[in-house]
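Let's take a guided walk through a protein chain together. Have a look at the sequence and the 3D view below, and then we will go through them piece by piece.

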Amino acid sequence: MFQLGKTIVSEDIIEKDFVCNLSACKGACCIDGDAGAPLEKDEVKILEDIYPLVKPFLRQEGIDAIEAQGTSITTDFGDFETPLINGADCAYVIFDEKKTALCAIEEAYNQGEIKWKKPVSCHLYPIRVREYTEFSGVNYDKWEICDDACSLGKELQVPVYKFVKEALIRKFGEDWYAELEKVAEKMNR
């Protein structure tokens, strides 16, 4: 672990390799697990605002889940998440012709309907950020469904932090990322 500003960062994001391999996993991270995607407080309002523009991209099951639960939910711990369809798929999941899970929010973004790509937690994955009173913890989340992504990352020699560069800049800013690159350079000597 090392400190960058008000973040405590796991060295795994520099030492581990990762490149999403959708053809292998079929987007399992959006349909496996027992919780929705973590949301930041400001993202709750964003989801409410963009829902009418995202709705045409959704499956009926997603629309039903969102209209029953809301565009986001609050957990028993006071955290915010995307709602689930029957306790499984994220309500915002859609599938392509190859049955690969995709994000309806990102599809609306890609087609120019909205200006917000997707929740930052999804954009950052496999990095998870945990907020504490004085700092943010930045950790690599190892999940067996991403073994193919780890193998592809190793083959292509792409460390986690480079794979999620755009998302890290979105979350922490250009200066923070530049400092992270300096730390990585020192670690890799």
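Is Glu43 buried or exposed? Glu43 is buried, with a relative accessible area of 3%. Keep that residue in mind, as we will come back to its partner shortly. One thing to know before going on: this is a predicted model.

**The chain as a whole**

Let's start with the overall picture. The chain is built from 10 helices and 11 strands. Its C-alpha trace spans about 50 × 40 × 30 Å along the principal axes. A compact globule of 189 residues would have a radius of gyration near 16 Å, and the chain, at 17 Å, agrees with that. Of the 189 residues, 43% count as buried. Now think about contacts between residues at least 6 apart in sequence: 66% of these join residues at least 24 apart.

**Salt bridges**

How many salt bridges does the structure hold? There are 11 salt bridges. Here are three of them, with the distance between the closest N and O atoms of each pair.

| Salt bridge | N to O distance |
|---|---|
| Arg170 and Glu43 | 3.8 Å |
| Arg59 and Glu61 | 3.7 Å |
| Lys142 and Asp147 | 2.8 Å |

Here is Glu43 again, now with its partner Arg170. The two come from distant parts of the chain: Arg170 sits in helix α9 (residues 165-172) and Glu43 in helix α3 (residues 41-54), 127 residues apart. While Glu43 is buried at 3%, Arg170 is partly exposed, with a relative accessible area of 33%.

The Arg59 and Glu61 pair also brings together two kinds of surroundings. Arg59 is buried, with a relative accessible area of 19%, whereas Glu61 counts as partly exposed at 39%. In the third pair of the table, Asp147 is partly exposed too, at 37% relative accessibility. Salt bridges can also join into a network, and one such network links Glu40, Glu131 and Lys171.

**Strand β11 and its neighbours**

Next, find strand β11 (136-140). Four of its five residues are buried, so β11 is largely enclosed by the rest of the structure. Which strands pair with it? Strand β2 (residues 7-9) pairs with β11 in the parallel sense, over three bridges. In that pairing, Val9 has Val138 as its bridge partner. Strand β10 (residues 127-131) runs antiparallel to β11, and five bridges join the two. Here Arg130 is matched with Gly137. A hairpin of four residues leads from β10 to β11.

**Helix α7, a helix with two sides**

Which residues of helix α7 (residues 147-156) are buried? They are Ala149, Cys150 and Gly153. These residues cover an arc of only 100° around the axis, which puts them on the same side of α7. A general rule helps here: an α-helix has 3.6 residues a turn, so residues three or four places apart point the same way. The buried residues of α7 pack against β11, the strand we have just visited. On the other side of the helix, Lys154 and Glu155 are exposed. After α7 comes Gln157, whose phi is positive, near 55°.

**A buried threonine in a loop**

Buried residues turn up in loops as well. Thr71 lies in the loop between α4 (60-69) and β4 (73-74), and at 12% relative accessibility it counts as buried. What does Thr71 touch, leaving aside residues up to four places away in sequence? Its contacts are Val44, Leu47, Glu48, Tyr51, Ile66, Pro83 and Tyr92.

**Cysteines without a bond**

Finally, let's look at the cysteines. A disulfide is a covalent bond between the sulfur atoms of two cysteines. How many disulfides does the structure hold? It holds zero. Take Cys103 as an example: the closest cysteine sulfur, in Cys122, is 6.2 Å from its own, too far for a bond. For comparison, the cut-off for a disulfide is a pair of sulfur atoms within 2.5 Å. Cys103 is buried, with a relative accessible area of 17%, while Cys122 is partly exposed at 31%.

Conventions: Residues are numbered from 1 along each chain as its sequence is written. This is a predicted model: local features need pLDDT of at least 70, side-chain atom pairs count only at pLDDT 80 or more; totals for chains, interfaces and linings use all residues. Side-chain values use heavy atoms; hydrogens and water are left out. Buried means under 20% relative accessible area, exposed over 50%, partly exposed in between (1.4 Å probe, protein chains only). Contact means heavy atoms within 4.5 Å. The arc is that of the directions from the helix axis to the C-beta atoms. Two strands pair if DSSP finds at least two bridges between them. A salt bridge is a side-chain nitrogen of Lys or Arg within 4 Å of a carboxyl oxygen of Asp or Glu. The radius of gyration is taken over C-alpha atoms; the globule rule is 2.2 Å times the number of residues to the power 0.38.
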